[in-house]
Amino acid sequence: MVDDPLVLILMYFVVPLWLLAGFADWLCHRASHIETTSGPKESVLHLLQFAEVGVALLAALFLEINAGVLAFMIVMFFVHEATALWDVRYAVAERSVTPIEQHIHSFLEMLPLIAIICLSALHWDQFKALFGFGPDPSRFTLAWKAEPLPLAYLMALMVAALLLAIIPFAEELYRGVRARRVRTRNDANACRP
């Protein structure tokens with residue numbers, strides 16, 4: 001399966017591009033001084049979006065793809081989209097969201113959809129079965145991949161996710177919480193006679 005061009009596109013193009021787009025988004029947040037504008041609330045929304053797509057990605061990486069896993073990924077995509085709308089609605093009211101950042105958001109929204117489309121094509125019979133079409137019954141069991149992805153790839157991906165997503169967005173949240181504490185302390189000091 002790893003020799004399939006669509007699998008290679010997913011592994012070495014779609015997933016890395018999603019991580020790079022997430023890191024570019026973090027750079028935009030840093031440039032807009034998110035910690036002093038929209039603050040930790042927006043950072044929590046970013047971590048939530050990463051978790052929503054992240055659990056779907058983990059399912060695709062480690063579980064046999066069947067109707068149940070595809071359904072889970074589709075649901076998580078729509079949950080992610082709802083959170084993204086909430087995030088953008090909040091962000092534009094609190095800080096400047098540049099055209100570049102908006103363009104990066106389009107990548108962050110569409111790459112998970114592209115991944116689901118590619119996985120659906122790779123597992124077409126189960127995708128059709130999910131909607132009651134085709135001869136195969138839909139399967140909803142959870143099982144580890146019979147042919148796991150290469151360990152070196154999985155390790156490199158986990159390190160990349162840590163360096164490009166988890167650490168940067170945790171740092172963003174930390175900056176926001178720290179800035180809020182400083183602001184609260186300064187406000188309290190200003191109120192003292």
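1. Partly exposed, as used here, covers relative accessible area between the buried limit, under 20%, and the exposed limit, over 50%. L113 has a relative accessibility of 29%, so this residue counts as partly exposed. The model is predicted, and the values in this note are computed from it.

2. On the position of L113: the residue is part of helix α4, which covers residues 99-122. Its C-alpha atom is separated by 7.0 Å from that of F77, although the two residues are 36 apart along the chain.

3. On the interior: the largest nonpolar core consists of 36 residues, and L10, W18, L61, M73, L119 and Y153 have the most contacts inside it. Two or more residues each are given to this core by α1 (5-31), α2 (39-62), α3 (67-94), α4 and α6. With nine residues, α1 supplies the largest share. In soluble globular proteins, nonpolar side chains tend to be buried together.

4. W18 deserves a separate entry. Leaving aside residues up to four places away in sequence, W18 touches F50, V53 and L57, and also L108, L111 and P112.

5. On the surface: a nonpolar patch is formed by V159, L162, L163, I166 and I167. Together these residues have about 420 Å² of accessible area.

6. Within that patch, V159 belongs to helix α6, residues 151-191. Is V159 buried, partly exposed or exposed? Its relative accessibility is 45%, and therefore V159 counts as partly exposed. Helix α6 is also among the elements that give two or more residues to the largest nonpolar core.

Key: Residues are numbered from 1 along each chain as its sequence is written. This is a predicted model: local features need pLDDT of at least 70, side-chain atom pairs count only at pLDDT 80 or more; totals for chains, interfaces and linings use all residues. Side-chain values use heavy atoms; hydrogens and water are left out. Patches are made of residues with over 30% relative accessible area and no salt bridge: like charges are joined within 9 Å, nonpolar side chains (Val, Leu, Ile, Met, Phe, Trp, Tyr) within 5 Å. Accessible areas come from the Shrake-Rupley method with a 1.4 Å probe; for residues, only the protein chains shown count as cover. A salt bridge is a side-chain nitrogen of Lys or Arg within 4 Å of a carboxyl oxygen of Asp or Glu. Helices (H or I, at least four residues) and strands (E, at least two) are DSSP runs, numbered from the N terminus. Buried means under 20% relative accessible area, exposed over 50%, partly exposed in between (1.4 Å probe, protein chains only). A nonpolar core is a set of buried Ala, Val, Leu, Ile, Met, Phe, Trp, Tyr and Cys residues joined through side-chain atoms within 4.5 Å. Contact means heavy atoms within 4.5 Å.
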